[in-house]
Amino acid sequence: MNHTVNPQAVYQNHELWMYAGSQTLYGPEVLKQVEKNASQIAGALSETPAIPMAVRWKGVLTSPEAISAALAEAGTDGRCAGVIVWMHTFSPAKMWIAGLSRFSKPLLHFHTQFNRDIPWDSIDMDFMNLNQTAHGGREFGFIATRLGVRRKVVVGHWQDQRALEQIGAWSRAAAAWADQQGARIVRFGDNMRYVAVTEGNKVEAELALGYMVNGYGVGDLVERVDAVSDAEINRLVGEYEEAYQVVPELKRGGARHEALRYSARLELGMCAFLEEVGAVGFSDSFECLTGLDQLPGMAVQRLMADGYGFGGEGDWKTAALVRAMKVMAAGLPGGTSFMEDYTYHFEPGRERVLGAHMLEICPTIASGTPRIEIHPLGIGGKSDPVRMVFDTPAGPAVNASIVDLGNRMRLIVNEVDTVPPDADLPKLPVARTVWIPRPDLAVAAAAWIYAGGAHHTGFSHAITTEVLEDYAEIAGMELVVIDARTETRSLRESLRWNELYWRLQKGLV
Ligand code: MN
């Protein structure tokens with residue numbers, strides 16, 4: 001495990017900062033109470049398992065100067081992944097213009113109240129003046145909307161589980177966003193020849209999403225792969241034999257053991273290369289493998305399990321998305337993988353999709369212990385690649401895709417339910433999963449195709465649409481959700497409206 005790429009580390013290295021907005025009108029006693037209440041809430045947000053990142057209380061803000069200074073500090077401090085603001089009282093919002101208009105990190109407006117209930121018998125005007133979220137939050141909301149500030153608004157009592165979960169979802173999106181700023185995505189070779197959807201503008205991606213995509217010659221990777229020592233390979237092969245069900249022909253003493261050793265060599269060489277670059281994701285292509293004996297199969301699967309994003313056939317957008325989704329998913333039950341809609345089951349009333357790839361599906365989504373096998377690939381003209389073969393557990397999941405439409409990036413999300421395959425698939429030598437898309441295959445696939453979604457996706461049993469929605473909001477990226485409520489005609493209409501909005505949007509804000 002490469003610890004710098006471990007998605008959990010992103011949460012350990014970042015925190016959310018919380019401020020309360022107020023003003024000096026009420027006198028020092030009220031402000032002391034605001035401070036006390038708000039710091040208690042920040043402490044509770046920090047403690048709850050629903051929010052996976054620490055929340056640090058940063059103070060009550062009562063002047064334009066203090067607000068500008070606080071947001072400037074939050075904007076430049078590398079530990080701060082996002083800011084939570086709460087208007088305990090009324091905070092005249094012209095004070096927020098300068099600070100907010102220069103602030104570019106994730107922002108969450110928590111529209112909460114210290115007391116859950118109105119104390120009907122004892123309520124007086126002092127109580128009313130102290131607990132003014134109901135209108136103070138509207139004053140803040142106006143200026144944020146007036147300035148076009150992207151943010152998430154969460155309404156609810158600070159001890160309400162659903163409110164905490166909404167903040168938690170946003171904190172996961174904020175973690176992925178923080179991780180992505182300045183992140184390096186490595187491309188070994190170029191995109192698969194003639195393929196359109198895996199292309200995209202790398203300058204636009206860095207501008208809009210923050211990550212850098214750079215290409216490297218496969219020859220440079222070959223050098224690293226060839227330099228791996230026998231001792232390292234012996235150790236890793238031992239690890240494979242302990243962790244997985246290795247077929248006899250690949251085991252030590254088996255007829256094809258050398259192929260397993262070569263797969264270990266590939267994994268170690270690729271890992272060393274990626275660590276040297278400081279990358280968190282990568283792509284390769286079966287058309288650009290000069291000097292490598294096998295297409296990296298299990299090597300890629302194992303690197304994904306460590307936390308690396310991956311996209312096949314040069315698909316760097318999906319590599320970056322899979323990395324982002326792995327960060328969002330950190331610590332949650334269920335895995336996250338690169339995925340491809342592969343083939344359909346069109347039996348009336350039982351329509352479903354078989355998802356897989358030639359090789360590169362992440363074992364974090366495996367049910368049970370993966371089997372390590374070797375089979376011919378049929379394309380690429382290389383030796384037979386070693387791969388892990390497994391099925392995936394049943395349950396709700398998401399498929400997500402980012403496409404470059406020329407003037408913008410679009411994130412498309414489809415909610416799906418994975419189900420067991422109808423039979424054992426004894427002749428299918430790749431990891432796979434079967435899902436029923438929501439609302440059904442016919443509507444979901446048509447919607448996906450109208451939206452221009454790719455065949456490659458990031459797939460996750462761990463994260464929800466809400467996290468991806470928050471991520472799109474943070475990124476300022478168009479979002480198309482296909483879920484149980486999707487209906488083709490209205491989706492097509494909203495795609496047309498979106499076309500207009502996103503073409504004008506840069507001139508509007
Ligand atoms: Mn593919």
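In what order do the five strands of the open sheet with parallel pairing lie? In this predicted model, the order is β2-β1-β3-β4-β5, and the edges are formed by β2 (54–61) and β5 (152–155), each of which pairs on one side only. Neighbouring strands of this sheet are turned by 25° against each other on average, when direction is ignored. Between β1 (residues 15–21) and β2 the parallel pairing extends over seven bridges, and within this pair of strands L16 stands opposite V55 of β2. Helix α2 (residues 28–47) packs on the sheet, where it touches β1, β2, β3 and β4, and its direction makes about 165° with that of β2.

A residue of this sheet that repays a closer look is V85, which is found in strand β3. V85 is buried, with a relative accessible area of 0%. Leaving aside its neighbours within four places in sequence, V85 is in contact with Y19, W96, L107, L108, H109, F110 and F140. V85 and A366, by contrast, are 281 residues apart in sequence and 40 Å apart in space, taken from C-alpha to C-alpha.

The contact with F140 leads on to helix α6, since F140 is one of the buried residues of α6, together with T133, G136, G137, G141, I143 and A144. These buried residues cover an arc of only 170° around the axis, which puts them on the same side of α6. An α-helix has 3.6 residues a turn, so residues three or four places apart point the same way. The buried residues of α6 pack against β3 (80–87), α4 (97–102) and β4 (107–111), whereas the face turned away from the buried side carries the exposed residues R138, F142, T145 and R146. The length of the helix can be checked as well: at 1.5 Å a residue, the 15 residues of α6 (residues 133–147) should span 21 Å, and the end C-alpha atoms are 20 Å apart, which agrees. After the helix comes G148, whose phi is positive, near 70°.

A further open sheet is made of three strands in the order β8-β13-β14, and its pairing is mixed. Its edge strands are β8 (245–246) and β14 (386–391), each pairing on one side only. Strand β13 (residues 367–374) pairs with β14 in the antiparallel sense over five bridges, and E373 stands opposite R387 in β14. Across β13 and β14 lies helix α12 (residues 298–306), which runs at about 60° to β14. This helix is mostly covered, eight of its nine residues being buried, namely M298, A299, V300, Q301, R302, L303, M304 and D306. G307, which follows α12, has a positive phi near 125°.

Strand β12 is paired with two strands, β11 and β17. With β11 (residues 336–345), β12 pairs in the antiparallel sense over four bridges, and T343 stands opposite L354 in β12. The hairpin of β11 and β12 has six residues between the strands, and in this hairpin G349 takes a positive phi near 85°. Four bridges also join β12 to β17 (residues 432–437), and these two strands run antiparallel; here W435 of β17 is the bridge partner of V353. In a regular strand the side chains alternate between the two faces of the sheet. In β12, R352, L354 and A356 point one way and V353 and G355 the other way, and all are buried. Five of the five residues of β12 are thus buried, so the strand is largely enclosed by the rest of the structure.

The loop that follows β12 brings the reader to the metal site. The protein donors of the manganese ion are E313 (OE), E340 (OE), H357 (NE2) and H456 (NE2), which lie 2.1 to 2.2 Å from the ion. Along the chain these donors follow the spacing E-x26-E-x16-H-x98-H. E313 lies in the loop between β10 (309–311) and α13 (316–328), while H357 lies in the loop between β12 (352–356) and β13, so the pair ties together parts that are 44 residues apart in sequence. Both E313 and H357 are buried.

Key. Residues are numbered from 1 along each chain as its sequence is written. This is a predicted model: local features need pLDDT of at least 70, side-chain atom pairs count only at pLDDT 80 or more; totals for chains, interfaces and linings use all residues. Side-chain values use heavy atoms; hydrogens and water are left out. Two strands pair if DSSP finds at least two bridges between them. Contact means heavy atoms within 4.5 Å. Axes are lines fitted to C-alpha atoms, for helices over the stretch in contact, and angles run from 0 to 180 degrees between N-to-C directions. Donors are N, O and S atoms within 2.8 Å of the metal (3.2 Å for Na, K and Ca); water is not among the atoms, so sites may look incomplete. Buried means under 20% relative accessible area, exposed over 50%, partly exposed in between (1.4 Å probe, protein chains only). The expected span of a helix is 1.5 Å times one less than its number of residues. The arc is that of the directions from the helix axis to the C-beta atoms.
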